[in-house]
Amino acid sequence: MSTKKPPRSVNVKFFIETERETDGRWIAEITDMPGVMAYGASEEEARANVYALALRVIADDVQNSRELPDTIKIARATA
């Protein structure tokens, strides 16, 4: 008799903080993910850039660990 493992699920929420730099650029950061920050000419661009970077970090983690959950739910939230 084999025991089947229940599906593994991961919920990821990104809390994006933004700030305008003195030179006019915007910086966005996901504080729960050290080092995940990105610049943009507008606040929206900075948010999009940091969101994409966070997804790349997660993809690298999955690829390197070789553990893929059955489902991943990603929600973007703003601080």
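Rings of Phe, Tyr and Trp, the last taken by its six-membered ring, form a pair if their centres lie within 6.5 Å. The exercises below concern a predicted model.

**Exercise 1.** Determine how many aromatic pairs the rule gives.

*Solution.* A pair of aromatic rings is described by the distance of the centres and the angle of the planes. Applied to this model, the rule gives a count of 0 aromatic pairs.

**Exercise 2.** Identify the charged group that sits over the ring of Tyr39, and describe the surroundings of Tyr39.

*Solution.* Step 1: locate the residue. Tyr39 belongs to strand E3.
Step 2: find the charge. The charged end of Arg25 lies over the Tyr39 ring, 3.9 Å from its centre; the criterion allows a distance within 6 Å for CZ of Arg.
Step 3: compare sequence and space. Arg25 and Tyr39 are 14 residues apart in sequence, while their C-alpha atoms are 6.7 Å apart.
Step 4: list the contacts. Beyond neighbours within four places in sequence, Tyr39 is in contact with Glu21, Arg25, Trp26, Ile27, Ala46 and Asn49.
Step 5: classify the exposure. Tyr39 has a relative accessible area of 37%, so it is partly exposed.

**Exercise 3.** State in which sense strands E2 and E3 pair, and describe the connection between them.

*Solution.* Step 1: E2 covers residues 26-30, and E3 covers residues 37-40.
Step 2: the two strands pair in the antiparallel sense over 4 bridges. Ala28 has Ala38 of E3 as its bridge partner.
Step 3: E2 and E3 form a hairpin with 6 residues between them. In the turn, Gly35 has a positive phi of about 85°.
Step 4: E2 is mostly covered, with 4 of its 5 residues buried.

**Exercise 4.** Check the end-to-end span of helix H1 against the expected value, and name its buried residues.

*Solution.* Step 1: H1 comprises residues 43-65, that is, 23 residues.
Step 2: the expected span is 1.5 Å times one less than the number of residues, which gives 33 Å for H1.
Step 3: the end C-alpha atoms of H1 are 33 Å apart, in agreement with the expectation.
Step 4: the buried residues in H1 include Ala46, Arg47, Val50, Ala54 and Ile58.

**Exercise 5.** Determine which elements supply the largest nonpolar core, and place Ile30 within that core.

*Solution.* Step 1: the core has 13 residues; Phe14, Ile16, Ile30, Met33, Val36, Val50 and Ala54 touch the most other members.
Step 2: strand E1 (9-20), E2 and H1 each give two or more residues to this core. H1 gives the most, with 4 residues.
Step 3: beyond neighbours within four places in sequence, Ile30 is in contact with Phe14, Phe15, Ile16, Val36, Val50 and Ala54.

Key:
Residues numbered from 1 in each chain as written. Predicted model: local features only at pLDDT ≥ 70, side-chain atom pairs only at ≥ 80, totals over all residues. Heavy atoms only, no water. Phe/Tyr/Trp six-rings, centres within 6.5 Å; stacked < 30°, edge-to-face > 60°. Lys NZ or Arg CZ within 6 Å of the ring centre and 35° of its normal. Buried < 20%, exposed > 50% of the residue type's maximum accessible area, 1.4 Å probe, protein only. Pairing = 2+ DSSP bridges. Core = buried A, V, L, I, M, F, W, Y, C linked by side-chain atoms within 4.5 Å. Contact = heavy atoms within 4.5 Å.
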